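Take a moment with the sequence and the 3D view. Then read on.

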Amino acid sequence: MATAHDVPIWAMMTDIAALQAALKAALAPVAGDRATPRLDGARASIILDVTGLDADDRYALEGLVRETAVALPGIDEVRVAQTSQRIRRLTIAVASGKGGVGKSTVSANLAIALQQLGRRVGLVDADIYGPSQPKLMGVEGTKPTARDKVLQPVPTPYGVSLLSMGQLVADDQAIAWRGPMAAGALGQLMDANWGLADTIVIDLPPGTGDVQLTMIQKHRPTGAVIVSTPQDLALIDARRAIDLFAKAGVPVIGIVENMAGYACPACGEVSDPFGRGGAEAAAAELDLPFLGRIPLDIAIRTASDGGMPPVTGTGPERDAFMVVATHVKTWLDRGGNNATYQ
Ligand code: ADP
């Protein structure tokens, strides 16, 4: 009768290699590339990367991985070791001196563009006066859930996950929060379960109020992007916002000029209702990088209103947002150091 000793070593190795391949194949649909199995005879040792998962999800994933492995013929014992990497999360505050200059539009498109450029992005809508991100990102009416009092961001069709002040209150409830309430709500959004996100874009309320101060003091952003129209008045307000960040030592990544140059949809002629180049000149004067110019274009408003930010489309507006996002990504990739983009 043949014994284990009679089995040639190459045959045993083939069996182990086949079993190892079978184990990998079985685990892939369950754990993606999070599971790294190793076989030692009939014992499977699996290293499970649980980075970004909360306690419930870790537990559930480990259970599934165990079940899957032990169901394979030839495996008697399964050991699972969880590991996780620390995610270095960079945060970008998008600010403006006053409302209506397109700060939310720029935030939404910047978040999606950064995701398209390979970062994993979460978007925080901290604009208590007009939280518009759920609409812009096509997830109006979807409420986030909480686990152990930690908010779970809402996935959007564009890969970016979202939390908004607007999701914390009933739709018809006017947001008239006093400072401490707004600060508490901001904390809930910032300390949510952002999972694997390595970049958080924050759409701040306009101006320099309580939310901005809390943001700077408690959730210090890695950098700030300032949005302004080209008019002098908007620029004066923008300078105040720049000042706030500069005094607090938060680097200003640069200035975006929005609503510059109006292309008439009927005749195609380009005019400049709000002037042009004002933000670029201000950037030069303040020795700050100029990140790009977004035209005043009806296509931007209609796409945004329809929950499809223009950067997800194929029109020329997309290119303008991509220029801005590419500069911001370069800054992030350098680890958040100030940079020029000439
Ligand atoms: P803010 O966040 O600064 O208050 P929003 O992003 O909400 O400003 O923009 C205000 C309005 O202007 C929205 O209706 C938006 O669709 C529109 N808008 C923003 N940027 C542009 C642009 N470049 N071209 C056309 N409409 C724009």
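The report below covers the domains, the ligand shell and one helix.

This is a predicted model: local features need pLDDT of at least 70, side-chain atom pairs count only at pLDDT 80 or more, and totals for chains, interfaces and linings use all residues. Residues are numbered from 1 along each chain as its sequence is written.

The chain is assigned two parts, domain 1 (8–83) and domain 2 (90–333). Such bounds come from an automatic or database domain assignment. Over C-alpha atoms, the domain centres are 43 Å apart.

Next comes the ligand. Its shell holds 17 residues, and Gly102, Lys103, Ser104, Thr105 and Ile300 are the closest. A residue is near the ligand if its C-beta atom, placed from the backbone, lies within 6 Å of it. These elements each supply at least two residues of that shell. Helices (H or I, at least four residues) and strands (E, at least two) are DSSP runs, numbered from the N terminus.

| Element | Residues |
|---|---|
| Helix 3 | 103–116 |
| Strand 12 | 252–263 |
| Strand 14 | 290–296 |
| Helix 9 | 298–305 |

Now look at helix 5, residues 179–190. Which of the residues of helix 5 are buried? They are Ala185, Leu186, Leu189 and Met190. Buried means 20 or more other C-beta atoms within 10 Å of a residue's own, and exposed means 12 or fewer, with C-beta atoms placed from the backbone. Seen down the axis of helix 5, the buried residues fall within an arc of 135 degrees (taken from the directions from the axis to the C-beta atoms), so they line one face. Pro180 and Gly184 are exposed on the other side.

How values were computed:
Expected span 1.5 Å × (residues − 1).
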